[in-house]
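This briefing introduces the structure shown below to a reader who has not met it before. It begins with a charged pair and then turns to a helix and a sheet.

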Amino acid sequence: MSEEQNKPAEAEVEQTEAVQDKAAQDKAAQDKAADAGAGDRVAQLEAEVAGLKDQLLRQMAEVENTRRRAQRDREDASKFAVSSFAKELVTVADNLRRALEAVPAEGRENDDVLKGLSVGVEATERQLISAFERAGIKKIDPTGELFDPNFHQVMFEIENTGKPAGTVVQVLQPGYTIHGRLLREAMVGVAKAGPHEMGGQHVDTKA
């Protein structure tokens, strides 16, 4: 076969190879685009998973906070539900103490009836105080302490006590707390600053 006859065949081969190269390049481009699309989809899915995880964690935290608040509310309700009833009982304790203080010491020693009555009232008072302690109720006796408006109510001021101004020198009625919360203020009399006391504390007895 002559050289002129071989040229068309070679051209056809070159054309075929060019077509194949083009097809290979197109396929490679398509594969690259597919890989890029898959990568974008994976990144999108990972972002969605991260968002859902964050949302789930937030909801779980909110549920836990709600559970704790509900538990705290239940505990508070259990602790302080008897507050109104406790206020009535501390008045009974006041009356028991007044009854004991009304009995003179000589009467207890010389009169068996008064002595027996006093012993019975004292036993009742002890039982009541024990019941208070089991219920978280504590007595406030601030004698000698500085006036605290959160727990004390000033009824009057007393001059020439020799105590710093604002010191509780007399308790007219003890106060009470229930689980650390004020149940009833203590009614007190406090020391008044003398004229020689510079910068002495002033207590507003109308507060």
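Glu 125 has a relative accessibility of 12%, which is under the 20% limit, and therefore counts as buried. The model is a predicted one. A search of the whole structure finds seven salt bridges, and the side chain of Glu 125 meets that of Arg 97 in a salt bridge, at 2.6 Å from N to O.

**Salt bridges between helices**

- The pair of Arg 97 and Glu 125 links distant parts of the chain, for Arg 97 belongs to helix 2 and Glu 125 to helix 4 (residues 112–134), 28 residues apart.
- Arg 97 is partly exposed, with a relative accessibility of 33%, whereas its partner Glu 125 is buried.
- A salt bridge also brings together the side chains of Arg 108 and Glu 122, with an N to O distance of 2.9 Å.
- Because Arg 108 lies in helix 3 (residues 105–110) and Glu 122 in helix 4, this pair ties together parts that are 14 residues apart in sequence.
- Arg 108 has a relative accessible area of 25% and is partly exposed; Glu 122, with 22%, is likewise partly exposed.

**A salt-bridge network**

- Glu 64, Arg 67 and Arg 68 are joined into one network by salt bridges that share partners.
- Within this network, Arg 67 forms a salt bridge with Glu 64, and their closest N and O atoms are 2.6 Å apart.
- Arg 67 and Glu 64 are three residues apart in helix 1 (residues 3–80), so about one helical turn separates them.
- The relative accessible area of Arg 67 is 43%, which makes this residue partly exposed.
- Glu 64 also counts as partly exposed, at 27% relative accessibility.

**Helix 2**

- Helix 2 covers residues 83–102, and its 20 residues should span 28 Å at 1.5 Å a residue. The C-alpha atoms at its ends are 29 Å apart, in agreement with that expectation.
- Its buried residues are Ser 83, Ala 86, Val 90, Ala 93, Asp 94, Leu 96 and Leu 100.
- Viewed down the axis of helix 2, these buried residues fall within an arc of 165°, and therefore they line one face of the helix.
- Ser 84, Phe 85, Glu 88 and Ala 102 are exposed on the other side of helix 2.

**The sheet and its contact with helix 2**

- An open sheet is formed by three strands in the order 1-4-5, with antiparallel pairing.
- The edges of the sheet are strand 1 (137–140) and strand 5 (181–184). Each has a single partner strand, so one side of each is left without a neighbour in the sheet.
- From one strand to the next, the twist averages 35°.
- Strand 1 and strand 4 (residues 175–178) run antiparallel and are joined by four bridges.
- Lys 139 stands opposite Tyr 176, which belongs to strand 4.
- Helix 2 packs on this sheet and touches strand 1, strand 4 and strand 5. The direction of helix 2 makes about 50° with that of strand 5.

**Points to retain**

- Helix 2 takes part in a salt bridge to helix 4 through Arg 97, and helix 2 also packs on the sheet.
- Helix 4 holds Glu 122, the partner of Arg 108 in helix 3.

Definitions and conventions: Residues numbered from 1 in each chain as written. Predicted model: local features only at pLDDT ≥ 70, side-chain atom pairs only at ≥ 80, totals over all residues. Heavy atoms only, no water. Helix = DSSP H or I, 4+ residues; strand = E, 2+ residues; numbered from the N terminus. Expected span 1.5 Å × (residues − 1). Buried < 20%, exposed > 50% of the residue type's maximum accessible area, 1.4 Å probe, protein only. Arc of directions from axis to C-beta. Pairing = 2+ DSSP bridges. Axes fitted to C-alpha atoms, helices over the stretch in contact; angles between N-to-C directions. Contact = heavy atoms within 4.5 Å. Salt bridge = Lys/Arg side-chain N within 4 Å of Asp/Glu carboxyl O.
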